[in-house]
Amino acid sequence: MTLMRRFIIGLLLLLLLFGGGQAQVFTHGFNHRQIALTFDDGPSPLYTEMVLDILKKYHIPATFFVIGYKVADNPDLLVEIVRDGHEVGNHTYYHSRLNWVSDKKLLDELKMASDLIAEKTGVNVTLFRPPHGFLNQEKKILIEKAGYSIIQWSVNADDFYHVFNGMRAPSSIASRVVSRTYGGDIILMHDTSAQIVVALPKIIRALKSRGFQFVTVSKLIRLHI
Ligand SMILES: [Zn+2]
């Protein structure tokens, strides 16, 4: 093999490996005095209202990553979320596992959810969180190109149901979140969880006493400000 041919093959391999670029995924903010509470999988007719009441009581802004079909079922709850000054993100329409769907279906789902959110509230959504946190590099690039910032988390409240272990107790959820929060964190919770309704006031009081400022995800990662 000539030197030139080796050079060209090497170049092609490099392009193949790195040519697609890397999408940016936010798990964390930059200001260590600030943190962002996020709530996934709602709006829930059982718990969203209770979460909103707690946030209102403590004057805390949060970010809700809503699912399209649940917005269709509970549009008034989404209106209430926005009216209370919270931020809304797209969490797909059907909560699909995105690595296994076609690019077209993925973009259709995102658009369906965003269009519905805009129709009900007038909000143009720019934040996106993948269901279950799963998203390969190819899909990340696709979603970024569609105009969304991809948001994951640095602290997981683990407030959801596990097949073998059931659900963590509210006190365990609260101490887990508080002990893992160091500042700049994006905290993952679910407004579909009975446990979070009990744990949330404890979490807010403990983190407030440590001097953290609660902000929306956009503000934490300095988008749109
Ligand atoms: Zn989810």
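# Exercises on helix 8 and its surroundings

The crossing of helix 2 and helix 8 is right-handed. The exercises below concern a predicted model, whose chain holds nine helices and nine strands.

**Exercise 1.** Determine how helix 2 and helix 8 are oriented to each other, and which residues form their contact.

*Solution.* Begin with the general description: two packed helices are characterised by the angle between their axes and the distance between the axes. For helix 2 (48–58) and helix 8 (residues 194–209), the angle is about 15° and the axes are 10 Å apart. Angles under 35 degrees count as roughly parallel; helix 2 and helix 8 are therefore roughly parallel to each other. Next, list the contact: from helix 2 come Met50, Val51, Ile54 and Tyr58, and from helix 8 come Ile196, Val197, Leu200, Pro201 and Ile204. Finally, sort these residues by character: nine are nonpolar, with no polar and no charged residue in this contact.

**Exercise 2.** Describe the packing of helix 7 against helix 8.

*Solution.* Helix 7 covers residues 170–180, and its packing angle with helix 8 is about 35°, the axes being 8 Å apart. The crossing of helix 7 with helix 8 is right-handed. On the side of helix 7, the contact consists of Pro170, Ile173, Ala174, Val177 and Val178; on the side of helix 8, Gln195, Ile196, Val198, Ala199, Lys202, Ile203, Ala206 and Leu207 take part. By character, the residues of this contact are 11 nonpolar, one polar and one charged.

**Exercise 3.** State which residues of helix 8 are buried, what covers them, and where the helix bends.

*Solution.* First, the buried residues of helix 8 are Gln195, Ile196, Ala199, Leu200, Ile203, Ile204 and Leu207. As general background, an α-helix has 3.6 residues a turn, so residues three or four places apart point the same way. Second, the cover over the buried residues of helix 8 includes strand 2 (34–40), helix 2, helix 7 and strand 8 (186–190). Third, helix 8 bends by about 35° at Leu200, with the proline Pro201 following within four residues. Just after helix 8, Gly211 has a positive phi of about 90°.

**Exercise 4.** Examine the loop between strand 2 and helix 2 for backbone features at Asp41 and Pro43.

*Solution.* Asp41 is placed in this loop. Its phi is near 80°, a positive value in a residue other than glycine. Asp41 counts as buried because it has 21 C-beta neighbours inside 10 Å, where the cut-off is 20 or more. Pro43 lies in the loop between strand 2 and helix 2 as well, and the peptide bond from Gly42 to Pro43 is cis, with omega near 0°.

**Exercise 5.** Is Thr92 buried or exposed, and what is the sign of its phi?

*Solution.* Thr92 is found in the loop between strand 4 (87–90) and helix 5 (103–121). With 23 other C-beta atoms within 10 Å, Thr92 is buried. Its phi is positive, at about 75°, although Thr92 is not a glycine.

**Exercise 6.** Find where Ala146 lies and which residues it touches beyond four places away in sequence.

*Solution.* Ala146 belongs to the loop between helix 6 (137–145) and strand 6 (149–151). Because 15 other C-beta atoms lie within 10 Å, Ala146 is partly exposed. Leaving aside residues up to four places away in sequence, Ala146 touches Leu107 and Leu110. Ala146 and Leu107 are 39 residues apart along the chain, and their C-alpha atoms are separated by 7.8 Å.

Terms used:
Residues numbered from 1 in each chain as written. Predicted model: local features only at pLDDT ≥ 70, side-chain atom pairs only at ≥ 80, totals over all residues. Axes fitted to C-alpha atoms, helices over the stretch in contact; angles between N-to-C directions. Helix = DSSP H or I, 4+ residues; strand = E, 2+ residues; numbered from the N terminus. Left-handed = near helix turned anticlockwise from the far one by under 90°. Contact = placed C-beta atoms within 7 Å. Nonpolar A, V, L, I, M, F, W, Y, C, P; charged D, E, K, R; others polar. Bend = angle between axes of the 7 residues up to and from the residue. Buried ≥ 20, exposed ≤ 12 C-beta atoms within 10 Å, placed from the backbone. Parallel < 35°, antiparallel > 145°, perpendicular 65-115°, else oblique.
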